[in-house]
Amino acid sequence: MKMNRVKTDILVIGGGMAGWMASAHVKEAGLDVIIVDKGFIGKAGQSPYASNLYAYDPAAGKSVDEVVSFVHHGGRD
């Protein structure tokens, strides 16, 4: 098996909602972050059964807190 070395500031293990939120905050703080997950992010574990999958894109012009509020309110502003 070929191995690659990757450098990052923060490694998040698990791509569920908690891992996603932690990663979004880390990225917003200006650090590099990598998420590793056993399956597709948002499709493995219990998160698919908890809610819809939301994505955070800083280029969209919203802060992490605005996106968290949106998710918290069930996708309604």
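How many helices and how many strands does the secondary structure of this protein chain come to? Before I answer, please keep in mind that what we are looking at is a predicted model. The answer is three helices and two strands, and if you follow the sequence from its beginning, they come in the pattern β-α-β-α-α.

Let me begin with the chain as a whole. There are 77 residues in the protein chain, and buried residues make up 21% of them. The surface that the chain exposes comes to about 6000 Å², with carbon and sulfur atoms supplying 56% of that area. If we take the contacts in the chain with a separation of 6 or more, then 37% of them are accounted for by residues that lie 24 or more positions apart.

Now to the inside of the model. The largest nonpolar core has seven residues, and these are Trp20, Met21, Ala24, Tyr56, Val64, Val67 and Val71. Two helices, α1 with residues 17-28 and α3 with residues 64-72, each supply at least two residues of this core. Met21 is a good residue to click on here, and once we set aside its neighbours within four places in sequence, Met21 is in contact with Val64 and Val68.

Next, I would like to turn to strand β2, which covers residues 33-36 and includes Val33. Is Val33 buried, exposed, or something in between? Val33 has a relative accessible area of 23%, and because buried would require a value under 20%, this residue counts as partly exposed. Its partners come from several places: leaving out neighbours within four places in sequence, Val33 is in contact with Thr8, Ile10, Val12, Ser23, Val26 and Lys27. Asp9 also deserves a look, since it sits 24 residues away from Val33 along the chain, while the C-alpha atoms of the two are separated by 6.0 Å.

Lys27, which we have just met as a contact of Val33, brings me to my last topic, which is charge. As a general point, side chains of opposite charge can pair when their charged atoms come close. How many salt bridges does a search of the whole structure find? The search finds one, and it is formed by Asp32 with Lys27, whose closest N and O atoms are 3.8 Å apart. As for how open these two residues are, Asp32 counts as partly exposed at 41% relative accessibility, and Lys27 is likewise partly exposed, with a relative accessible area of 43%.

Terms used: Residues are numbered from 1 along each chain as its sequence is written. This is a predicted model: local features need pLDDT of at least 70, side-chain atom pairs count only at pLDDT 80 or more; totals for chains, interfaces and linings use all residues. Side-chain values use heavy atoms; hydrogens and water are left out. A nonpolar core is a set of buried Ala, Val, Leu, Ile, Met, Phe, Trp, Tyr and Cys residues joined through side-chain atoms within 4.5 Å. Buried means under 20% relative accessible area, exposed over 50%, partly exposed in between (1.4 Å probe, protein chains only). Helices (H or I, at least four residues) and strands (E, at least two) are DSSP runs, numbered from the N terminus. Contact means heavy atoms within 4.5 Å. A salt bridge is a side-chain nitrogen of Lys or Arg within 4 Å of a carboxyl oxygen of Asp or Glu. Accessible areas come from the Shrake-Rupley method with a 1.4 Å probe; for residues, only the protein chains shown count as cover.
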